[in-house]
Amino acid sequence: MARFLIALGVLLVLQIASSSKLVCHMTNWAQYRPGGAKFTSENVDPFLCTHVIYSLATINSFNQIVNVEWNDAEQYGRLNRLKSVNPDLKTFLSVGGTVSGISPFIAVVAKPESRAAFIRSAISYLRTHNFDGLNLAWEYPGHNGSPQGDKERFTLLVTELSKAFEDDAKDNRKTRLLLSANVAAIVPTIDRAYEVDKISPHFDFINILTYDFHGSWEAVTGHNSPLYRSSVDSGSHVHHNINSSVSHWLSLGAPAEKLLLGFPTYGRTYRLTTGVTSVGAPAKGPAEAGPYTRTAGFWAYYEVCDFIPSATVEWIPEQKVPYATYASSWVGYDDKRSFSSKVQWMTANNLGGAHVWTLDMDDFSGYFCSAGAYPLINHLRMSMGFPPKPTTTPGPTTTRDPAADFCRGRPDGLYANSADKTTYFQCFQGNTFLHHCQPGLIYWDSCKCCDWP
Ligand SMILES: *[C@@H]1O[C@H](CO)[C@@H](O)[C@H](O)[C@H]1NC(C)=O
C-alpha cells in the first residue's frame, strides 16, 4: 500500500505551493570528515531546500572575496549545476568568518573605498561562479574586536550593497543578486550590532542564529536551542531561547516575513560532574568529541543517533526540546518532535521560514539513523507544508486501495492513520501520501510527529 501511495506522487508534477523559505547551509570543511561523514556538493539533494548557502569564503586585504579551500571552485560548480536539475533552487555564497579571530568585515566597512571594492568584488565573484545571492557572515558588528561605530557602518555596507545589486541588474539586464545575512540571537548582542529597522529592508531574508544559546563554556547544563526559557534560567539567561530572541527582532521592527528561524542539526555536549543529569546540572567542559566531527563541544545529529541507543532520552516540556545522557555525557539536541514544535511557533508568528545549520550534520546519507536520508530536514520540509519531493523511482500503480482517497476534500497537512499508528498521511492538493515513522515510534497528532508510544 505504501509503495502505491508514494507512487501517486510520481504521476504529478508538484509545485511548491508555500511561499516560505527553507534555506540550508553547507560547509566546505565537512569534506574532511572521515568515512560516511564526508560531505561535498555532490551530497546536496537539489529538491530538499529552496535555497542552499555555501559556507564559507573569506575576504583578502584588498577587500576582495577569495576562496578558502583548494577545491572551492569545483564545489561551487557542482552545487550550481544542480540548478539545471531543479530550476527553482537558489544558491548563495556565505562570506566572512574570521582571519586570526578577527572578522575581515571590520576592514571592509571602515572606509567608503573599501566598501566599494568589496561590493565590486562580490558582484563579479557571484556572477563568475553562478551564485544567486550573497550571505554576510559577520559575528558580529561591534563585537570581537569590531570597534564602536561598526553598527552604523554595517548599515552603510548593507545599504550600498543592495543599491549596487539593483544597479547591476538594471545595467546588465540580469536577475538581481539576492542578499541575506547571518545575525545574532542573543538580545544584548542584537542591540549592540544592528540598526534593525534600517538594515531589514535591504535583505531578502535574515538568518537568525537561534542556536548556541547554551554550551560547555557554562558551568551547568543547558539546551543548545530551546524554544522557551527554562525555570532554572536566571539573570540574562532568561533571554537565551528562540521565543525571546525572535520576539526581540520583531519588537525592533524587523518584518516577520524576512526573518528565518534557525534549526540546528547538531547538539551541544557537556561533561557532568555529579550524579545530577537534569537541565541545570553541574558540568565542566564538553563530552568527548564526536568520532566524525572531531571537535569537542558538539555532536552532529548522526553522532547523536549513535549515542541514543545506550542513553536515557528526556524531553524538556517547558522548552520543547530533548536531551540525552549516559554516564557523564550530556547532549541537548533537536529531533523531529522539537523541529515540529518550532515550526508551529514559526507559523504562529508568520515568519518567512527556516534556515538549517547544516546539511552536512543531518544524517544526509541515511546511514546512521535508519530513518532515510536527511531525516531532520525532510521532516522539517514536510512540517512546513512543502509538497513531497518529486521522485524518479516509479512504483506499481495498478493496486486500488481505499486509503488512497483519504485526502480527497481534506486540507493540506498531516493526519493520523487509524488503521496503523506507525504510519501517517500527508495530504497535498487532495493527493494522499503515506509516511512511516522510525521503528519503535508511532504517530501523534498532537505534535504532528512521530514519537515514543
Ligand atoms: C514568549 O515571548 C513573549 C515576548 O517576549 C513573552 O511575552 C511570552 O511570555 C514568552 N512565552 C513563553 C512561554 O515564555
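**Exercise 1. Locate Asn130 and describe its backbone.**

Solution. Asn130 is found in the loop between α4 (112-129) and β5, where helices (H or I, at least four residues) and strands (E, at least two) are DSSP runs numbered from the N terminus. Although Asn130 is not a glycine, its phi is positive, at about 70°. Most residues other than glycine have a negative phi, and most peptide bonds are trans.

The model is predicted: local features need pLDDT of at least 70, side-chain atom pairs count only at pLDDT 80 or more, and totals for chains, interfaces and linings use all residues. Residues are numbered from 1 along each chain as its sequence is written, and side-chain values use heavy atoms, with hydrogens and water left out.

**Exercise 2. State which residues the cis peptide bonds join, and place them.**

Solution. One cis peptide bond joins Glu139 and Tyr140, with omega about -5°. Tyr140 lies in the loop between β5 (133-137) and α5 (150-172). Another cis bond joins Trp357 and Thr358, with omega about 0°. The loop that holds Thr358 runs between β14 (353-357) and α11 (375-383).

**Exercise 3. Describe the second largest pocket and its lining.**

Solution. Begin with the volume, which is about 730 Å³. A pocket is an open set of points on a 1 Å grid over the protein atoms alone, where a 1.4 Å probe fits, with protein on both sides within 12 Å along at least five of seven lines; lining residues have an atom within 4 Å of a point. Grid points are joined across faces, edges and corners, and the volume is the space filled by probe spheres set on them.

Next, take the 31 lining residues: Glu139, Leu209, Tyr211, Asp212 and Trp357 are the closest to the pocket centre. Two strands, β2 (51-59) and β9 (266-271), each supply at least two lining residues.

Finally, sort the lining by class: 15 residues are nonpolar, 11 polar and five charged. Here Ala, Val, Leu, Ile, Met, Phe, Trp, Tyr, Cys and Pro count as nonpolar, Asp, Glu, Lys and Arg as charged, and the others, Gly among them, as polar.
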